[in-house]
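Trainee: Please put the model up so that we can work through it.

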Amino acid sequence: MKIATRSLEILGAWMLALIWVLPLLYAVWTAFHAPAYATHFDLTAPLTLQNFVNAWEAAPFARYFLNTTILVSLILVVQFVLCTPAAFAFARMNFPGRDVVFGLVLLQLMIMPDVLLVGNYRSMAQLGLVDSILAIALPYLGSAFGIFLLRQIFRSVPQELDDAARLEGSSLLGRLWRVYVPLARPTYIAYGLVSISYHWNNFLWPLVITNSVSTRPLTVGLAVFASTDQGIDWSIITASTLMTSAPLLVAFLLFQRQFVQSFMRAGIR
Amino acid sequence: MLKRETWQAWALILPAVILLVAFTHWPAITTVLDSLYTTPKGSRPPRFVGLDNYAALWDDPVFWTALRNNAVYAFATIPASVVLALLMALAVNTALPGRPLVRMAYFTPTMLPMIAVANIWLFFFTPDYGLFDRILAVFGGGRHNWLGDAATALPSMIAVAVWKEAGFFMIFYLAALQAMPPDLQEASNLEGASRWYFFRRVTLPLLMPTTLFVLVNAVINAFRLVDHVVVMTHGGPNNATTLLLYYIYEMGFRFWDTAMAATLTVVLLALLGTLAWLQFGVLGKRVHYR
């Protein structure tokens with residue numbers, strides 16, 4: 001009886017897993033086979049890379065890759081540089097207005113820039129930044145999530161380490177850099193992975209704020225490509241879909257352990 | 001004179017806080033102001049109209065449809081993705097054969113851009129030769145236009161959203177499950193407690209903070225996640241899949257009626273604010289933090 005229940009559970013878990021990867025499996029199948037096999041499954045069907053070649057030539061994907069890479073790195077670097085000192089001040093310093101300002105910061109966790117399309121578009125128009133990579137990045141640079149996450153980890157750093165560094169004559173920034181940042185490394189990794197995957201995949205705001213090839217990130221490029229040019233050629237669409245997701249997917253497969261573990265560490269405290 | 005620590009602290013937080021306020025709080029304020037004016041057209045400047053835009057919204061049937069759709073979308077995706085996430089976490093927290101593979105399978109949708117997987121799902125939903133119609137055909141079902149039929153379009157969007165989110169939430173449950181002291185399970189085994197009893201009386205209460213965290217995220221996503229609507233249905237057929245944020249996008253950037261888009265945004269902000277208050281005020285009190 002117990003074994004039967006257990007087998008059923010295992011079967012259920014596996015069925016669910018199968019359903020969950022099915023779209024990806026299908027995309028891989030279609031992308032590597034001739035269009036004739038898109039709806040026709042035959043294990044002996046010849047493999048081909050032609051769909052990727054066609055997709056790559058049909059739209060400026062190289063440029064889109066470059067745009068997304070610039071966008072994601074810009075956001076990541078600036079977020080790290082800005083959130084670190086802010087998180088440190090919120091975690092370890094006493095100053096008037098701290099709790100009020102921290103409350104204002106946390107508000108962004110609920111009201112994310114994603115829903116403020118209209119207001120942010122207006123600001124970008126006034127700044128003359130519409131259709132620029134900077135405009136895609138700007139609303140996400142001051143990140144409440146990053147400040148919150150780093151503050152939590154900074155608070156768990158033993159005060160004695162801080163005091164010891166202070167006695168050795170370390171300045172404020174010196175202590176932050178030599179004591180706090182190294183101890184928070186797992187959190188930085190976790191936050192970095194979350195930030196990269198979020199902005200690699202982000203769509204609506206970039207769709208609104210960009211309108212040319214030289215600024216569009218991959219997601220918007222893919223949407224424009226799949227909706228106008230291709231009609232219904234599933235082979236090319238899945239090939240371009242895989243291309244768009246590949247870097248993240250490969251990175252995830254390579255660093256899966258680290259990803260999941262650092263996520264857990266950063267999760268919730 | 002200011003204390004040294006005070007100005008040092010402000011210097012540390014100011015760059016991040018200025019950017020944050022400039023692109024979160026400031027646009028929220030301008031949006032509220034914009035909702036009280038008409039949309040500027042050509043050389044005609046915006047004119048103050050008080051609450052006229054809100055009255056117009058009240059009379060707009062599409063707004064009510066979007067609101068109702070979003071309610072259905074939220075009430076379906078939130079419980080479904082949270083419960084599935086918990087089940088997934090419980091499954092991969094046991095000695096399951098092929099555990100890394102299963103865990104990876106659950107998590108892959110999180111890594112894929114919604115916009116990219118929407119294309120694949122689009123194919124699954126295609127009448128006749130899409131996956132769903134083929135499965136139905138095996139059981140003698142006929143052709144079904146999943147995304148073209150108002151009755152099945154929104155459920156299809158919900159299915160895609162649940163599929164996308166469950167694995168992400170699973171990670172947080174998994175983290176919490178692995179942080180649980182194993183002696184609890186041992187003690188319960190010694191006492192001869194059933195698995196269900198242990199789950200209900202020990203695991204579930206200990207998971208409450210995680211559940212709150214996951215719920216907050218699920219609620220936000222129920223109003224934020226509209227990428228697949230843009231690609232798969234454009235809010236159609238006949239607004240059957242129009243969600244609030246999608247309607248804002250349509251109003252603001254396809255019809256270019258910024259005043260109405262701003263008014264809609266204010267409604268969405270008020271909704272999110274109320275939900276945040278409910279979650280932290282009511283649920284938060286019942287959660288035991290460490």
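The exchange below covers chain A, the nonpolar core and one loop residue.

Mentor: This is a predicted model, in which local features need pLDDT of at least 70, side-chain atom pairs count only at pLDDT 80 or more, and totals for chains, interfaces and linings use all residues. Residues are numbered from 1 along each chain as its sequence is written, while chains are lettered from A and ligands numbered from 1 in the order in which they are written.

Trainee: What is the radius of gyration of chain A?

Mentor: Chain A has 14 helices and zero strands (DSSP runs: H or I of at least four residues for helices, E of at least two for strands, numbered from the N terminus). The globule rule, 2.2 Å times the number of residues to the power 0.38, goes with a radius taken over C-alpha atoms. For 269 residues the rule gives 18 Å, and chain A is well over that, so it is more spread out than a compact globule, at 23 Å.

Trainee: Which helix gives the most to the largest nonpolar core?

Mentor: Such a core is a set of buried Ala, Val, Leu, Ile, Met, Phe, Trp, Tyr and Cys residues joined through C-beta atoms within 7 Å. The largest has 158 residues, and those touching the most other members include Ala86(A) and Phe169(B). With 16 residues, the top contributor is chain B helix α7 (residues 150–178).

Trainee: Is Asp131(A) buried, partly exposed or exposed?

Mentor: Asp131(A) sits in the loop between α5 (117–127) and α6 (133–141) of chain A, with phi near 65°. Buried takes 20 or more other C-beta atoms within 10 Å, exposed 12 or fewer, and partly exposed lies in between, with C-beta atoms placed from the backbone. Asp131(A) has 14, so it is partly exposed.
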